[in-house]
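Dear colleague,

I am handing over the structure that we discussed, and below it you will find my notes on what turned up in it. Please read them with the model open beside you.

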Amino acid sequence: MSNKSFYITTPIYYANSLPHLGHLYTMMVADCIHRHKEQRGFEAYFLTGTDEHGVNIERAAERSGRTPQQQADYVVSYFTMMTSAAGLDTEHGGYDVFMRTTYPFHAEGVSKFWRQVAKSKTPKGREAIYKGHYEGWFCAPCAAYKTEDEYTKPQQPDQPPLCLIHEAPLDRVSEESYFFRLSDYGDALLEYYEARSDFIRPEARRNEVVSFVRGGLQDLSVSRLRSSVRWGIPVPDDPSHTIYVWFDALTNYITAIGYGNEERERAVGFEKFWPALHLVGKDILRFHAVYWPAFLMAASVELPRGIIAHGMWVDQAGRKMSKTLGNTVELDVLQKHLPVDAIRYFCLRDMVFGQDGRFSYEALIDRTNSDLASGLGNLSSRTLTMIDRYCEGQVPSGRIPEEKLLLAKRSGIDTDETTIAGFVEHARDDFLMHFENYAFGRALEVAWSIVARVDKMISDAKPWDLAKDENQRETLNAVLYRAAESLRWLCVLLYPVMPVSAQGIYSQLGVGAAPDSNSKHSLAAIDPAALKWGELKEGTRIGEVRPLFPRLDKGKLMSEIKNDRSSGTHATEADAVPGGRIAEETRPSPPMQHATEADAVPGQAETLSTLNAKREQEIAIEGLIDITDFTKVELRVGEVLTAERIPKADRLLLLSVDIGEEKPRQILAGIAQHYEPDKLIGRKIAVVSNLKPRKMRGYESQGMLLAASVGEEGKPVLATFTEEVPNGARLK
Ligand code: MSP
């Protein structure tokens, strides 16, 4: 391993069914880590791929009337289309290899690895592989034998038990088998976990593995009779046996980079890249953290750099999203309606890394609108639009000359530029710390603290007012310079999470090459740790300003998504297995027909609401809205019918207000310190009547009163009417 090389892997996915959000998630996280390492100057190698052997693929092929190889090829073609649409393939700067266990060089490497293990002795001096008999319950979807705590007992004695994960019947298997003497490796594994406390992350998962191993390990069956499983790699020197699919699959991590094949070694470099960091879902942690290290110990190959286990995306009932349970988020629907970067941002921001996460389209749309459209997108477009408008499209100087400092201070800006520079640097350090601990959500929160800070600076300084005063030209320039420089830093930090958008903003700033370019102006080559405040050059000509994250129309989008999901045009397992729901001839092909590159680039997807660019600019610059925004708020005249205090809430009054509806509204108002309840009764007030109801102190509040906020402590003074008005009259 060279010092500056880094190797990251995802699991290789079963080629018996089509990928869903869960599979995409692991790839996105790995992609993010990969891009980050590249930015940090590592020569990084990123593997993903498919696990193509075993009884499941054989069965799926049988059902579809294909050969197992055709079945695998079919699923792989879907995978590669999906990864391309998601910007995860090599062409978009994503994975370096899409590994397939049907590659001939893999079979060569697996045979060599088997031989190495078979000729080794366990730590207790016994043969690591021996022949015996196995009898047990086997779950085909898991491709694993199940112990008693991993299945539910059958209701009737003549029925097979059900796998706890798949809720599918297990097969009773009894046959001759080769065994790996895992039981001899318990102590060696425990010592290793002890010596390398960061080997399995997060901590909670490490503890689970340690207690599993402490509980005692059983030997592992590592072959199936060829008569039971034909589709796989034969055991060297005993072709009547097929190598167990997990032994075969795990070995891909080393065969992919050259173990057991000289040509591959020259092309990639086992010596250069091994050991790898394995990113896996917690569902397959045991295979990676117990079996795989034991195999490697036996073969005298260095152990992985580490194993990181993430949580599962679960449905609303808390069940793991999986094809077998039919509760998956389908990728063609997802990618048709949402920009790739929004999906990446949401998944990394919302899933607490290591824990399970509940997925919902609503949450994804809300996050996109709040953090991307109104947050980062708005900051970027208001900053760039103002540079365009007030500085003739060139990044201004950030320096305020001595003689203008006093004037600048009067406008309310901090004349000391190091304050904001220090804030941004500190945030960068925090961001990197969290990121390198795989706490992606936290890292992103920190990045958004920069967005909030710069937004506030702009709103406080009001550049649109400064622009009216020639004496404040330098102050205006300084505000815009700081905003632009902060944006540049944000692009560098956010590139691994949102490569397309970060590169897009970067190009608009005039400092970056076109997206996907490999030139040194590409964000892939800029180390966030080496950023220096002030490197954005005065005079840089900004690019064309384009909105990157148009606001999504939630209602419209949700009904479109619902339609697509129920119409069943999206790809499901049935597509992978013709003869299932959709017949071969009528099956829409290719499966990713909806998800195109254009859909992936924010601002171009046809389902996103179109923008009135001029209006967006106005909002971006001065916070101005137009009449359609105003009319969204419904204001009505109300009459207070009752008013009372609420126990233990000294600021709140509970009112019932007649706004001309059948029943009065119950409204909580924070005015108790300034209004006596009795004095309010009969008073006509203005009420926001279409606000979502919300609960406070156990009471539902069904609206809001309008009041002026007066003085430093914001004393409320209720808006009222001096002329006679009927209850329910609309304020326009
Ligand atoms: N083929 C084996 C892995 C062999 S690796 C040497 C396998 N394949 S799989 O297709 O079932 O993929 C499992 C992996 O897919 C999980 O570990 C995880 O990375 C990803 N996910 C599948 N469903 C998922 C969720 N519901 N949520 C998050 N990730 C999920 O196991």
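Is K131 buried, partly exposed or exposed? K131 is partly exposed, at 44% relative accessibility, where buried means under 20% relative accessible area, exposed means over 50% and partly exposed covers what lies in between, all with a 1.4 Å probe and the protein chains only.

Before the rest, two remarks on how to read these notes. This is a predicted model, in which local features need pLDDT of at least 70 and side-chain atom pairs count only at pLDDT 80 or more, whereas totals for chains, interfaces and linings use all residues. Residues are numbered from 1 along each chain as its sequence is written, and side-chain values use heavy atoms, with hydrogens and water left out.

Salt bridges

K131 forms a salt bridge with D238, with 3.5 Å between the closest N and O atoms; the term stands for a side-chain nitrogen of Lys or Arg within 4 Å of a carboxyl oxygen of Asp or Glu. This pair links distant parts of the chain, since K131 is in strand 4 (residues 129-139) and D238 in strand 13 (residues 238-243), 107 residues apart. Helices (H or I, at least four residues) and strands (E, at least two) are DSSP runs, numbered from the N terminus. In contrast to K131, which is partly exposed, D238 counts as buried, at 12% relative accessibility.

A search of the whole structure finds 39 salt bridges, and two others seem worth setting beside this one. D171 and R59 form a salt bridge whose closest N and O atoms are 3.1 Å apart. Because D171 lies in strand 8 (residues 171-180) and R59 in helix 2 (residues 55-64), the pair ties together parts that are 112 residues apart in sequence. Both partners are partly exposed, D171 with a relative accessible area of 27% and R59 with one of 35%.

The side chains of E639 and K684 also meet in a salt bridge, at 4.0 Å from N to O. E639 belongs to strand 18 (residues 635-646) and K684 to strand 21 (residues 684-688), so this pair ties together parts that are 45 residues apart in sequence. E639 counts as partly exposed, at 23% relative accessibility, while K684 counts as buried, at 18%. In addition, salt bridges that share partners join D31, R35 and R344 into one network.

The ligand

The ligand is surrounded by 23 residues, of which I12, T26, D51, D283 and W313 are the closest; a residue is taken as near if one of its heavy atoms lies within 4 Å. The backbone takes part in the polar surroundings: a polar backbone atom of Y14 is 3.1 Å from an oxygen atom of the ligand, a backbone N or O atom of G22 lies 3.2 Å from a ligand nitrogen, and a polar backbone atom of M321 is 3.0 Å from a nitrogen atom of the ligand. On its own the ligand has 670 Å² of accessible area, and the protein covers 95% of this, the areas coming from the Shrake-Rupley method with a 1.4 Å probe.

Strand 1 (5-14), helix 1 (21-39) and helix 7 (245-250) are the elements that give two or more residues to the shell around the ligand, and strand 1 gives the most, with four residues.

The sheets

Strand 1 is also part of an open sheet of six strands, in the order 3-2-1-14-15-9 with parallel pairing, where two strands pair if DSSP finds at least two bridges between them. Strand 3 (97-100) and strand 9 (200-201) stand at the edges with a single partner strand each, so one side of each is left without a neighbour in the sheet. Strand 1 pairs with strand 14 (residues 277-281) in the parallel sense over two bridges, and the bridge partner of I8 in strand 14 is L277.

Strand 14 also holds H278, which counts as buried at 0% relative accessibility. The side chain of H278 makes a polar contact with that of W292 at 3.1 Å; such a contact is a pair of N or O atoms within 3.5 Å, and within protein one must be able to donate a hydrogen and the other to accept it, while residues adjacent in sequence count only if both atoms are side-chain atoms.

Strand 13, which holds D238, belongs to an open sheet of three strands in the order 11-13-12, with antiparallel pairing.

With best regards
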